[in-house]
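The following exercises concern helix packing and a pocket in one protein chain. Please work through each task with the structure in view before reading its solution.

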Amino acid sequence: MNNYKLLPALVSILQTRNLTASAAELNVTQSAMSKTLSQIREAFHDKILIREGNQFVLTQKGEQLKTQLPDLMQTLDGLYAPNTMELELCQRRFSIASSDYVAQAVVPMITRVMHDEAPNVSLEFQAWQPSKLTELAETSIDLVTTIAEEVPENLQGRWCAEDELVVMLRQGHPILNKAQAFSLDDYCQSKHILISGGGDKNSPLDQALLAEGRQRQVLIQVPFYQAAIELVLNTDALLTLPMHIAGDFAQRHDVTLRRLPISLVPNQYYLLWHTKHHHDPEHKWFRELCTGLLQKHLIQTIKDGVKFIHAD
């Protein structure tokens, strides 16, 4: 019979590629870890880990196991998980990654409801970059809000909403005095504010402009939405942003919105998590809480944005 007790040590070795680090992680001696690695090599008929200079590399078998084992271990752990949970006793610290806008507009609501239902639970927010989506298995992040065309392999997700990019400009902007409709010439001849935080939502836009032989003239690039709004209010620069964010800010600031003068595929908003969390009852409670609040916010602010679209 196979020795399944070796699997936790194997997972650690595959992740750290360092016997000293794995020994410390599992609270055993390095000599014991070396003995365990020998047993693992014998059990799998493969070296798994090979020294190369001052570092270790995984064999092909090791790379395969690194991909397969986390989900298998999560499934095995799920066999021991209770079918129900007591929220008042839960002391877990959840983590969610998103743009600074979600942190400002939605995370406070999540935190309030979370604390009401499970007073001993805490929350950590992390700034999100979509380029890290393939690394989600190796992070402590429980949930990610992001734009995606589809749910990637080994991830689970809930579609929340779709919306379009729109153009925000201050009330009294010279463009608003023109008799003609807001055109692509108007758009490309204006200065623009770019937002670097929370991922590159505008890449499809810049690609579409390039296909037309056009590009935006950048006045300034900032990492946060609130900074971008202040720049809109104090300059003649344009800000291109998703409808739901524009609708939210337009409720509170002296701005107006215009349709983007170029056709793009709508953005699809998802809440994503790694498959390793899928059967965890505490995680299920947390993601359902977040899904409901996020989707409600998106639906309402998209409606608000439509109301502020300037009619040409």
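**Exercise 1: a helix pair**

In this predicted model, helix α6 (residues 107–117) packs with helix α11 (residues 281–307) at an angle of about 140 degrees, their axes lying 10 Å apart. Classify the orientation of α6 to α11, then describe the crossing and the contact between the two helices.

*Solution.*

1. Angles over 145 degrees count as roughly antiparallel and those from 65 to 115 as roughly perpendicular. The angle here is about 140 degrees, and therefore α6 is oblique to α11.
2. The crossing in which α6 passes α11 is right-handed.
3. On the α6 side, the contact is made by Met109, Ile110, Val113, Met114 and Glu117. On the α11 side, Trp285, Phe286, Leu289, Cys290, Leu293 and His297 take part.
4. Sorted by class, the contact of α6 with α11 comprises nine nonpolar residues, one polar and one charged.

**Exercise 2: the largest pocket**

State the volume of the largest pocket, and identify which residues are closest to its centre. Then determine which helix gives the largest share of the lining and how the lining divides by class.

*Solution.*

1. The volume of the largest pocket is about 780 Å³.
2. The largest pocket is lined by 27 residues, of which Lys66, Pro70, Ala137, Glu138 and His274 are the closest to its centre.
3. Both α1 (7–16) and α4 (60–78) supply at least two residues each of this lining. The largest share comes from α4, with ten residues.
4. By class, the lining has twelve nonpolar, eight charged and seven polar residues.

Note on methods: Residues numbered from 1 in each chain as written. Predicted model: local features only at pLDDT ≥ 70, side-chain atom pairs only at ≥ 80, totals over all residues. Heavy atoms only, no water. 1 Å grid on protein atoms, 1.4 Å probe; cavity = no way out; pocket = protein on both sides within 12 Å on 5 of 7 lines; lining within 4 Å. Points joined across faces, edges and corners; volume = space filled by probe spheres on them. Helix = DSSP H or I, 4+ residues; strand = E, 2+ residues; numbered from the N terminus. Nonpolar A, V, L, I, M, F, W, Y, C, P; charged D, E, K, R; others polar. Axes fitted to C-alpha atoms, helices over the stretch in contact; angles between N-to-C directions. Parallel < 35°, antiparallel > 145°, perpendicular 65-115°, else oblique. Left-handed = near helix turned anticlockwise from the far one by under 90°. Contact = heavy atoms within 4.5 Å.
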